[in-house]
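Reader: I keep meeting words such as buried, salt bridge and core. Could you show me on a real example how such words are earned?

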Amino acid sequence: MAWDFSTEPEFQAHLDWMAAFVREEIWPLETLDLDQAQLDRALAPLQAQVRARGLWAAHLPPEHGGQGFGQVRLGLMHEILGTSPFAPSAFGNQAPDSGNSELLALAGTPEQKERWLAPLLAGDLRSAFSMTEPGVAGADPTTLQTTAVLDEGAGEWVLDGHKWFTSNGSVADFLIVMAVTEPAARAHQRASMIIVPADAPGVTILRDVPTMEQPAEHFGRLGGHAEITYEGVRVPAENLLGPRGAGFLLAQSRLVPGRIHHCMRWLGVAQRAFDMLCERATYRVSHGSVLGDKQTVRNWIADSAAQMQAARLMTLHAAWKIDTEGPAAARTDVSLIKFYGAQVLHDVIDRALQIHGSLGYSTDLPLEAMYRYARGARLYDGPDEVHRDAVARQILRRYDPPPGDVPREHVPTRRIAARERFAELLETVTSND
Ligand SMILES: Cc1cc2nc3c(=O)[nH]c(=O)nc-3n(C[C@H](O)[C@H](O)[C@H](O)COP(=O)(O)OP(=O)(O)OC[C@H]3O[C@@H](n4cnc5c(N)ncnc54)[C@H](O)[C@@H]3O)c2cc1C
C-alpha cells in the first residue's frame, strides 16, 4: 500500500523556514513602490540566504546548478513562493526564467548552456518566451505566422514576425522565439525554438501592453508583457534550441511542469486571501452578530476550504505523476488542475474581497490586485476552454457507443439479460412460493 501524504521531516523543516522567511522578509517589500534597481538591491541579500540554505533554483537538476527536488517537493515550495509576487525571484525560480532554464537544460547544446543557462541561473541574465501573436489564436499555436528561414550561405536564421504578451520581454537579455521553420511539415512539426538576443538588430520592443493586472502604461519593468516585432533579425544557425520542428514537443515539456508551478502558486495566493476572509469573519459585526455567524459566510469558508483542498490534492497528485511517470503521462491531470485551480483562485479571492466590502475593493488591501491577477490565470498557458476540451477528449477515448445505441445501463434491457442468466434461480424462487 503506497499512498502516502506525509512530507519528510527534513524537507518540512525547509518549508517551515521558507514560510517564515517569505512572510517576514518578502511580504513587507510589497508595500513599497520600489523600482527595479531598488528591488534588485533589496533581494540580493535574501538571495544569498536562499543559496546558503541550498534552496536556490530548485527546479533544475543538480548537474545544472539546481537542487533536483522533483515536482512534488517543488510544488510544495511554490505554494509558499506564490504568496508574494517577489518571492520566486528571491529563490531563483521566477517565471519565465524558470521554464526557460528548464528548456535550456533539456535541449540546449553544451555551448548554449554555457552562454545562456549558466548566467540565467546565476541571475546575471533575464529571459522571455515569445510565442503568442496578436494576429492569430494563441490557443492554437499551430497557426503561428512568425517565420525563421535558414540562410545557409551565411549560417544564420532570419526571423520575421510580430509577437505580444512576451512576459518580461522588455527587460530580457534574450528571447526564446517560437517560429515556423518547416512550413511544409505536419501542423505540430512546423515550429522550432530559436534563441534571439534582445539587442539583435531588427528586434523592436514596441511597448509593455497595459493589462488588467498592471493597467498603468510603463516600460521595462519585471512582469510586463511586451509587444515585439522581429524584422529580418539574423542570429547564428547554432541558436536553434533543440531539433528543427521540435518546438511544440519542447513547449509541452516546459509547460506541463510549469502548470504545476502555477497551480501551486495560486494556492499560495488563495490561502492568503482565505486567511483574510476568515480573519474578517471573526470581528466585523453586522445585524447583531459577527460575519462569521452568518450562514452565507460559513458556507464561503467551508466551500473555499473544500475547493482549496481538492485543488491541492489534484495538483500534488499530478506532480507525483510527473515525478513517477514523466510529463506526457500527466497531461490530462495537468489540464484538469489548470482550469480547476484557476477557478478556485478566483472564487476564494472573490469571497475574501466581498466580505471586506469597500475595504476589499480598495487598494488598502491586496485583494483587488489579487483579483486582477487571478483573471489572467484563466487565459495564460492555455485558456480554460482548451484545457476542458483536452480533458473531455482524453476521457471520451475510454468510451465507445453501446450496442444498438441502447445505453448499457438501460434497466429493461439488463433485466432481460439477468432473467436469462438467473433463470434457474428465478424458477426455484417461484416454485418455493
Ligand atoms: C498574464 C499573461 C501572461 C502571458 N505570458 C505569455 C508569455 O510569456 N509568452 C507568450 O508567448 N504568451 C503569453 N501569454 C499569452 C497567452 O498564452 C495567450 O493569451 C493564450 O494562449 C490565449 O491566446 P489568445 O490570447 O490569442 O486568445 P485566443 O486564442 O484568440 O482565444 C480567445 C478565447 O477563445 C476561446 N477559445 C480558443 N480556443 C478555443 C477552443 N478550442 N474551444 C473553445 N474555446 C476556445 C477561449 O475562450 C479563449 O480565451 C500571456 C497571457 C497572459 C494573459
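Reader: Why is Gln252 called partly exposed?

Author: Its relative accessibility is 27%. Buried means under 20% relative accessible area, exposed means over 50%, and partly exposed is what lies in between (1.4 Å probe, protein chains only). The value 27% falls in between, so Gln252 counts as partly exposed. Before we go on: this is a predicted model, where local features need pLDDT of at least 70 and side-chain atom pairs count only at pLDDT 80 or more, while totals for chains, interfaces and linings use all residues. Residues are numbered from 1 along each chain as its sequence is written, and side-chain values use heavy atoms, with hydrogens and water left out.

Reader: Where does Gln252 lie, and what does it touch?

Author: Gln252 lies in helix H7. Helices (H or I, at least four residues) and strands (E, at least two) are DSSP runs, numbered from the N terminus. Not counting residues up to four places away in sequence, Gln252 touches Pro257, Arg259 and Arg331; contact means heavy atoms within 4.5 Å.

Reader: What makes Ser89 buried rather than exposed?

Author: Ser89 has a relative accessible area of 14%. That is under 20%, so Ser89 is buried. Ser89 lies in helix H4 (residues 87-90), and with residues up to four places away set aside, Ser89 touches Leu43, Gln47, Trp56 and Gln94.

Reader: And why does Glu111 count as exposed?

Author: Glu111 reaches 56% relative accessibility, and the cut-off for exposed is over 50%, so the word fits. You will find Glu111 in helix H6 (residues 110-122). From Glu111 to Glu238 there are 127 residues in sequence, and 9.1 Å in space, C-alpha to C-alpha.

Reader: How do you know that Arg272 and Glu30 form a salt bridge?

Author: A salt bridge is a side-chain nitrogen of Lys or Arg within 4 Å of a carboxyl oxygen of Asp or Glu. Here the N to O distance is 2.9 Å, which is within 4 Å, so the pair meets the definition. Arg272 sits in helix H7 and Glu30 in the loop between H1 and helix H2 (36-52), 242 residues apart, and the pair links these distant parts of the chain. At 12% relative accessibility Arg272 counts as buried, whereas Glu30, at 25%, counts as partly exposed.

Reader: Why can one say that Glu182 and Arg244 tie parts of the chain together?

Author: Their side chains meet in a salt bridge (2.8 Å, N to O). Glu182 lies in the loop between strand E4 (174-180) and strand E5 (191-197), and Arg244 in the loop between strand E8 (240-241) and H7, so the parts tied together are 62 residues apart in sequence.

Reader: What makes Arg393 and Asp389 a salt bridge, and where do they lie?

Author: The closest N and O atoms of Arg393 and Asp389 are 3.6 Å apart; that is within 4 Å, so the pair counts. Both lie in helix H12 (residues 384-396), 4 residues apart, about one turn of the helix. An α-helix has 3.6 residues a turn, so residues three or four places apart point the same way. Arg393, at 41% relative accessible area, is partly exposed, and Asp389 is too, at 45%.

Reader: How many salt bridges does the structure hold?

Author: The structure holds 15 salt bridges.

Reader: How do you know that the buried residues of H11 lie on the same side?

Author: In helix H11 (residues 367-376), Leu367, Glu368, Met370 and Ala374 are buried. They cover an arc of only 155 degrees around the axis, which puts them on the same side of H11; the arc is that of the directions from the helix axis to the C-beta atoms. The buried residues of H11 pack against helix H7 (247-283), helix H9 (331-355) and helix H10 (357-361).

Reader: What makes a nonpolar core?

Author: It is a set of buried Ala, Val, Leu, Ile, Met, Phe, Trp, Tyr and Cys residues joined through side-chain atoms within 4.5 Å. The largest one here has 87 residues, and Leu367 is among those with the most contacts inside it. H7 gives the most to this core, with 16 residues. Apart from it lies another core, of 19 residues, including Ala148 and Val233.
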